Amino acid sequence: MQSANDLKQLLFSINHKSYPAYKSTRGAYQFPRYTLSIDHVQGDPFAAPSRVSVHISGKTAAFPAFLYDTYEKRVALQDYLLRQFARAIAPYSFRAKGSGKSGLLGISRCGQEILERTACVLNPSDGSLIVNMEIGFPANGRTIASQELICILFDFLPGCVEKSLFYRALDPKACANVAYLCEDQQAIRAALKEKGLTAFIADGSILPRETGVSDLPMKHAVPFTSPESLRVTLDLPNRGPVSGMGIPLGVTLIVGGGFHGKSTLLQALERGVYNHIAGDGREYVITDASAGKLRSEDSRSIRNVDISLFIHDLPGKSDTTSFSTADASGSTSQAANVIEGIESGTSLFLIDEDTSATNFMVRDELMQRVIADSEEPITPFISRVRDLYEKLGISSILVAGSSGSYFHVADTVIQMKEYVPYDITDRAKTTAAEFPPFTASVRPFSVPAFHRCPQPGKCLTGSDRTKVKVMGRESILINKSLTDLRAVEQLTDSEQLNGLAALLLEAAGHKMDGKKTLVQVVDLLEKQMDEKGLASLLAPGRPGDLARPRRQEIFACLNRCRELRF
Ligand code: ADP
Ligand code: MG
């Protein structure tokens with residue numbers, strides 16, 4: 001391997017040359033305490049910045065093994081180190097001057113959730129560490145200004161690396177606390193299973209966010225307090241006893257007047273599939289990790305999904321046991337979302353009436369009298385929600401401020417009143433007994449069969465020159481194929497969409513053959529990530545910064561991709 005000094009000489013020698021001469025710097029260089037690898041050099045100062053990685057041996061990084069002895073703890077430690085490193089380099093970004101992106105120092109920006117990312121990878125077998133970052137190689141116009149790059153690589157970066165990625169420079173207590181919090185969060189996840197709960201919200205949690213566009217905790221919010229009847233106390237390995245509301249398995253209804261905090265509670269549950277960082281307010285809000293938000297999603301594409309559980313005898317006699325459309329309605333989209341959710345193996349559905357198709361949720365009595373059941377193609381969710389639980393073991397938590405019919409099918413009813421939850425199950429049941437339950441002559445419940453075998457269109461399997469573009473948290477563009485993910489609300493980070501784009505291409509290129517079922521394809525993708533790591537999905541020309549999406553979002557993405565034939 002070349003030495004750091006070789007790199008310095010090389011940089012001196014190309015100073016004032018034209019920009020492409022930077023390409024000659026590609027390679028690995030031994031610095032005193034780490035290896036610096038220049039992996040990709042940008043074509044000009046205005047292009048996407050160059051990609052540089054820092055490799056630190058296990059001996060030098062020296063993190064004690066108890067900080068990363070489980071998958072979850074390793075992810076939490078990586079996340080913590082990434083945040084430390086991002087903080088360390090931030091003041092140096094654009095300190096080196098020049099045209100375009102000259103002097104930019106960048107790395108993944110983490111939000112409130114702790115995610116596995118390719119930006120920082122600790123190898124569990126030897127404790128070595130790789131951090132992937134971006135550097136805008138400096139130029140004046142298109143003329144190399146290599147003294148500026150020398151400044152970045154030799155003056156700025158070494159200090160940042162030593163200060164934030166070496167255990168001996170970090171606060172050992174802070175590092176241990178990351179592991180302790182993670183152990184406690186995993187203990188809550190394990191306790192959910194033991195105690196027959198779908199979710200837990202600790203007393204004192206802060207659920208609302210600062211604003212609609214900021215995910216930080218709201219200041220001066222009303223802290224969460226559990227109703228006495230639903231309070232459970234969990235004994236966590238590090239924090240000790242923590243009390244909070246345990247939501248039992250089954251059908252749970254969240255009711256209450258407008259603006260009393262119903263949707264805020266449901267949103268916290270949606271995010272509870274992830275672990276949160278200390279200080280977020282939702283550290284101890286933990287939901288069944290397979291939970292899936294269900295909503296209506298006009299205009300999505302649906303491919304051969306058996307939605308007959310909810311929809312049958314459509315005008316024009318389209319076959320609802322294998323339903324396809326390029327432009328779904330509110331109710332057909334929500335029906336497909338349920339069936340695809342079952343296929344993905346979810347055991348909890350989360351539904352907010354604010355974002356549901358009304359005719360999918362319930363039909364009122366008067367409407368039933370005017371329009372006979374036999375003329376109505378939709379079997380509403382209310383007629384299936386109990387069977388979903390009793391026959392398939394899938395619980396539901398629904399926000400329903402306006403449809404009282406759900407009282408009849410609920411096991412637990414929680415009222416939100418000025419952001420405080422009350423258990424009103426008994427009162428709601430007593431009152432409901434005075435009203436006839438929603439009955440419709442519905443078809444018997446039958447478990448949908450899943451044997452769709454996806455096959456990729458040409459647009460996905462093309463050449464190495466596949467173009468991938470990710471638009472924030474909204475959509476993925478591969479060549480000319482757009483996959484709209486705006487309605488997939490549990491995606492929390494644009495890097496998860498980078499991950500999905502890479503998974504989609506991996507599946508199209510190497511996994512789908514028209515014989516494997518969708519479930520088998522997703523199993524293979526997850527197996528690859530488990531065994532070879534997320535970074536195994538990185539390939540030239542694809543976005544470099546990936547975060548691992550959940551199984552549910554992988555299904556959601558494949559199901560929405562219009563270039564797959566099922
Ligand atoms: P609903 O769904 O019942 O209509 P939301 O959940 O949308 O109500 O909440 C209404 C408003 O109250 C939101 O602006 C939200 O940020 C705020 N809010 C929610 N929970 C709290 C809380 N615990 N403390 C303070 N404000 C809250
Ligand atoms: Mg609401």
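**Close-up views of a predicted model**

**View 1. An exposed aspartate at the magnesium ion.** Asp 354 is exposed, with a relative accessible area of 59%. That puts Asp 354 over the 50% cut-off for calling a residue exposed. This is a predicted model, and in it Asp 354 (OD) and Ser 263 (OG) are the protein donors of the magnesium ion (ligand 2), sitting 2.1 to 2.3 Å from it. The two come from distant parts of the chain, 91 residues apart. Ser 263 belongs to helix α6 (residues 262–271), while Asp 354 is in the loop between β20 (348–352) and α8 (358–361).

**View 2. The annotated stretch, residues 177–436.** An unreviewed UniProt entry annotates these residues as "domain: ATPase of the ABC class C-terminal". Helix makes up 27% of the span and strand 25%. From end to end, its C-alpha atoms lie 54 Å apart.

**View 3. A nonpolar patch on the surface.** Leu 366, Met 367, Val 370 and Ile 371 make up this patch, which covers about 390 Å². Take Val 370: its place is in helix α9 (residues 365–370). With a relative accessible area of 60%, Val 370 counts as exposed.

**View 4. Strand β14 and its two partners.** On one side of the story is β13 (residues 231–236), joined to β14 by 6 bridges in the antiparallel sense. β13 and β14 form a hairpin with 3 residues between them, and Thr 233 stands opposite Ser 243 in β14. Then there is strand β10 (residues 197–202), which also pairs antiparallel with β14 (residues 240–248), over 5 bridges. Here Ile 201 stands opposite Met 245.

**View 5. The β26–β27 hairpin.** Strand β26 (residues 475–478) pairs with β27 in the antiparallel sense, over 4 bridges. There are 2 residues between the strands, and Asn 479 in the turn has a positive phi of about 50°. Leu 477 has Leu 482 in β27 as its bridge partner. Now look along β27 (residues 481–484): Ser 481 and Thr 483 point to one face and are buried, while Leu 482 and Asp 484 point to the other and are not. Such alternation of side chains between the two faces of the sheet is what a regular strand shows.

**View 6. A buried isoleucine in helix α4.** Ile 152 is part of α4 (residues 146–165). Its relative accessibility is just 1%, so Ile 152 counts as buried. Gly 103 is 49 residues away from Ile 152 in sequence, yet their C-alpha atoms are 7.7 Å apart in space.

Technical notes: Residues numbered from 1 in each chain as written. Chains lettered and ligands numbered in written order. Predicted model: local features only at pLDDT ≥ 70, side-chain atom pairs only at ≥ 80, totals over all residues. Heavy atoms only, no water. UniProt positions renumbered as here; feature names shortened; annotations may be inferred. Patch = residues over 30% accessible without salt bridge, like charges linked within 9 Å, V, L, I, M, F, W, Y side chains within 5 Å. Areas by Shrake-Rupley, 256 points an atom, 1.4 Å probe, with all protein chains shown as cover. Salt bridge = Lys/Arg side-chain N within 4 Å of Asp/Glu carboxyl O. Buried < 20%, exposed > 50% of the residue type's maximum accessible area, 1.4 Å probe, protein only. Donors = N, O, S within 2.8 Å, 3.2 Å for Na, K, Ca; no water. Pairing = 2+ DSSP bridges.
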